[in-house]
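Grab a coffee and open the viewer beside this page. The exercises below walk through one protein model, each with a worked solution.

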Amino acid sequence: MGSRRGFRIPNPGPREGLGSGFVIDRAGLIITNYHVVDGADRIDVTVGTPDGPHQTVSAKLVGKAPDFDMALLKTDRALDVPALVFGDSDQLRVGEWVMAMGNPFGLSQSMSVGIISGKHREDVNPSGHQGVYDFLQTDASINPGNSGGPLVD
């Protein structure tokens, strides 16, 4: 191997990340995964409906639970989009159809479908962060950018 004298690693500068989330209160509360916003200096969210206009608004991290990979964001203004209601995953049964909604590879408002093939999966760590996990297993496609998006039935 040759010498690395004079070799510099360029400063990458600001980084941008993509993720998903979902509105839980039209006042501007959004749930996402903590690893989506961890270390962010600025958070911008784009919200809208398939048939309506989209808007990009600033948000702040107002709550976090890193051990559960959860984060709560608050936008700087109210949102004109529907809010999702939490379901009870204990009532979900293996074999039921679900939809994964998100922003895979930057393709906004994407949806994939699949079935629940397992519950209470605790032996996986997809974000690379240690934590307390209790996953649902599905064959709905979940790709980079889907993190934080809802799984709905």
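## Warm-up: a pair of partners

Ile 31 has Leu 72 of β5 as its bridge partner. Keep in mind as you work that the model is predicted.

## Exercise 1: Take stock of the whole chain

Task: Which elements make up the protein, and in what order do they run from the N terminus?

Solution:
- Begin with the count: the secondary structure comes to 1 helix and 9 strands.
- Next, walk along the chain from the N terminus, where the elements run β-β-α-β-β-β-β-β-β-β.
- Then look at burial: 26% of the 153 residues count as buried.
- For the surface, the accessible area of the protein is about 10800 Å², and 52% of that belongs to carbon and sulfur atoms.
- Finally, consider contacts between residues at least 6 apart in sequence: 58% of them join residues at least 24 apart.

## Exercise 2: Put the five-strand sheet in order

Task: What is the strand order of the open sheet of 5 strands, and which strands stand at its edges?

Solution:
- Start from β1 and β2, which pair in the antiparallel sense over 3 bridges. One position to find here is Asp 25, whose bridge partner in β2 is Leu 29.
- The hairpin of β1 and β2 has 3 residues between the strands, and Gly 28 takes a positive phi near 120 degrees in that hairpin.
- Move on to β2 (residues 29-32), which is joined to β5 by 4 bridges, again antiparallel. This is where the warm-up pair fits: Ile 31 is partnered with Leu 72 in β5.
- From β5, step to β4: 6 bridges join β4 to β5, and the two run antiparallel. Lys 60 stands opposite Lys 74 in β5.
- The hairpin of β4 and β5 has 4 residues between the strands, with Asp 69 at a positive phi near 55 degrees.
- The last step is β3, which pairs with β4 in the antiparallel sense over 5 bridges. Here the bridge partner of Ile 43 in β4 is Ala 59.
- Put together, the order is β1-β2-β5-β4-β3, with antiparallel pairing.
- β1 (22-25) and β3 stand at the edges with a single partner strand each, so one side of each has no neighbour in the sheet.
- On average, neighbouring strands of this sheet are turned by 45 degrees against each other, direction ignored.

## Exercise 3: Look into the nonpolar core

Task: Which residues have the most contacts inside the largest nonpolar core, and which elements supply at least two residues each?

Solution:
- The largest nonpolar core has 13 residues, and those with the most contacts inside it are Ile 30, Ile 43, Val 45, Leu 73 and Leu 79.
- At least two core residues come from each of α1 (34-37), β3 (43-47), β4 (55-65) and β5 (70-75).
- β3 gives the largest share, 3 residues.
- Now zoom in on Leu 79. Not counting residues up to four places away in sequence, Leu 79 touches Val 23, Arg 26, Gly 28, Ile 30, Val 47, Gln 55 and Val 57.

## Exercise 4: Compare two threonines

Task: Is Thr 75 buried or exposed, and what does the side chain of Thr 56 make a polar contact with?

Solution:
- Locate Thr 75 in strand β5.
- Its relative accessible area is 3%; the cut-off for buried is under 20%, so Thr 75 is buried.
- A polar atom of the Thr 75 side chain lies 2.6 Å from the backbone oxygen of Arg 77.
- Leaving aside neighbours within four places in sequence, Thr 75 is in contact with Ala 27, Gly 28, Ile 30, Val 45, Val 57, Ser 58 and Ala 59.
- Turn to Thr 56, which has its place in strand β4.
- The side chain of Thr 56 makes a polar contact with the side chain of Thr 46 at 2.9 Å.
- Thr 56 and Thr 46 are 10 residues apart along the chain, and their C-alpha atoms are separated by 4.1 Å.
- With neighbours within four places left out, Thr 56 is in contact with Asp 44, Val 45, Thr 46 and Arg 77.

## Exercise 5: Find the four-strand sheet

Task: Which strands stand at the edges of the open sheet formed by 4 strands?

Solution:
- The order of this sheet is β8-β7-β6-β9, and the pairing is antiparallel.
- β8 (135-138) and β9 (151-152) each have a single partner strand, so they stand at the edges with one side lacking a neighbour in the sheet.
- To check one pairing, see β7 (residues 110-121), joined to β8 by 3 antiparallel bridges. Ile 116 has Thr 138 as its bridge partner in β8.

Definitions and conventions:
Residues numbered from 1 in each chain as written. Predicted model: local features only at pLDDT ≥ 70, side-chain atom pairs only at ≥ 80, totals over all residues. Heavy atoms only, no water. Core = buried A, V, L, I, M, F, W, Y, C linked by side-chain atoms within 4.5 Å. Buried < 20%, exposed > 50% of the residue type's maximum accessible area, 1.4 Å probe, protein only. Contact = heavy atoms within 4.5 Å. Pairing = 2+ DSSP bridges. Axes fitted to C-alpha atoms, helices over the stretch in contact; angles between N-to-C directions. Areas by Shrake-Rupley, 256 points an atom, 1.4 Å probe, with all protein chains shown as cover. Polar contact = N/O pair within 3.5 Å; in protein donor to acceptor, adjacent residues only side chain to side chain.
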